[in-house]
Amino acid sequence: FDAAIFSNLNCSGFGAIIRNEEGEVMAKMSVKGPWVHNSAKAEALTCRRAVQFSIEAGFSRLVIKGDNALVMNAISCSTKNNSLLGHIFEDIQHLVRGLQYASISCIKRGGNMVAHSLARHARTISDETYWIEDSPPPAVEALYQYFLHINQ
């Protein structure tokens, strides 16, 4: 998952991609989110929406990857988070506890380009767009670059 903030539009964008264990694309989402003033909140909201989307799409075993270390550490931590985003982290943790399996990891920004392209695409839509077993135009080039990179 990844987030984008569009200050000029007073909104944010959420993007997520679901792959199976072979790396094949199973589902994607691009969602227009509320205006937020910092990337940590945008990433936390995106993570929550991505996990919800995964569950709604029928997935119960997830490897959750994001590029914001603060968010990934907060949802991995078992102690109560008293920050302003604590309630969002608790929501994510509650959703994750209901899964058969979950792994949470922070990845480098360069490894998150497909989700980033989907988050950026959200500025062009009115609400939410989902693709199941299909490659949306905003992610095709990023997917191509990703597969070139992993096959080197």
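The following paragraphs lead through a predicted model of a protein, from its overall layout to helix α1 and then to a loop residue.

The protein contains five helices and six strands. Read from the N terminus, these elements follow the order β-β-β-α-β-α-α-β-α-β-α. Of the 152 residues in the protein, 45% are buried. Contacts that span long stretches of sequence are also present: among those between residues at least 6 apart in sequence, 70% join residues at least 24 apart.

Helix α1 covers residues 39-56, a run of 18 residues. From its first C-alpha to its last, α1 reaches 25 Å, close to the 26 Å expected at 1.5 Å a residue. Both ends of this helix merit attention. At its start, a side-chain oxygen of Asn 38 comes to within 3.2 Å of the backbone nitrogen of Ala 40. Just after α1, Gly 58 adopts a positive phi of about 100°.

The surroundings of α1 can be considered next. This helix is mostly covered, with 13 of its 18 residues buried. One partner is helix α2, residues 69-76, whose axis lies 9 Å from that of α1. The two helices pack at an angle of about 50°. Because an angle between 35 and 65 degrees is neither roughly parallel nor roughly perpendicular, α1 is oblique to α2. The crossing of α1 past α2 is right-handed. On the α1 side, the residues that meet α2 are Ala 40, Glu 43, Ala 44 and Cys 47, and their counterparts in α2 are Leu 70, Val 71 and Ile 75. The general geometry of a helix bears on such a pattern: an α-helix has 3.6 residues a turn, so residues three or four places apart point the same way.

Ser 54 also belongs to helix α1. Is this residue, Ser 54, buried or exposed? Ser 54 has a relative accessible area of 7%, under the 20% cut-off, and therefore counts as buried. A polar atom of the Ser 54 side chain lies 2.9 Å from the backbone oxygen of Ala 50. Beyond its neighbours within four places in sequence, Ser 54 is in contact with Ile 18, Phe 59 and Leu 62.

The final site lies outside the helices. Asn 10 is located in the loop between β1 (2-6) and β2 (11-19). Most residues other than glycine have a negative phi. Asn 10, although not a glycine, has a positive phi of about 55°. With a relative accessible area of 54%, Asn 10 is exposed, whereas Ser 54 in α1 is buried.

Definitions and conventions:
Residues numbered from 1 in each chain as written. Predicted model: local features only at pLDDT ≥ 70, side-chain atom pairs only at ≥ 80, totals over all residues. Heavy atoms only, no water. Helix = DSSP H or I, 4+ residues; strand = E, 2+ residues; numbered from the N terminus. Expected span 1.5 Å × (residues − 1). Buried < 20%, exposed > 50% of the residue type's maximum accessible area, 1.4 Å probe, protein only. Polar contact = N/O pair within 3.5 Å; in protein donor to acceptor, adjacent residues only side chain to side chain. Axes fitted to C-alpha atoms, helices over the stretch in contact; angles between N-to-C directions. Parallel < 35°, antiparallel > 145°, perpendicular 65-115°, else oblique. Left-handed = near helix turned anticlockwise from the far one by under 90°. Contact = heavy atoms within 4.5 Å.
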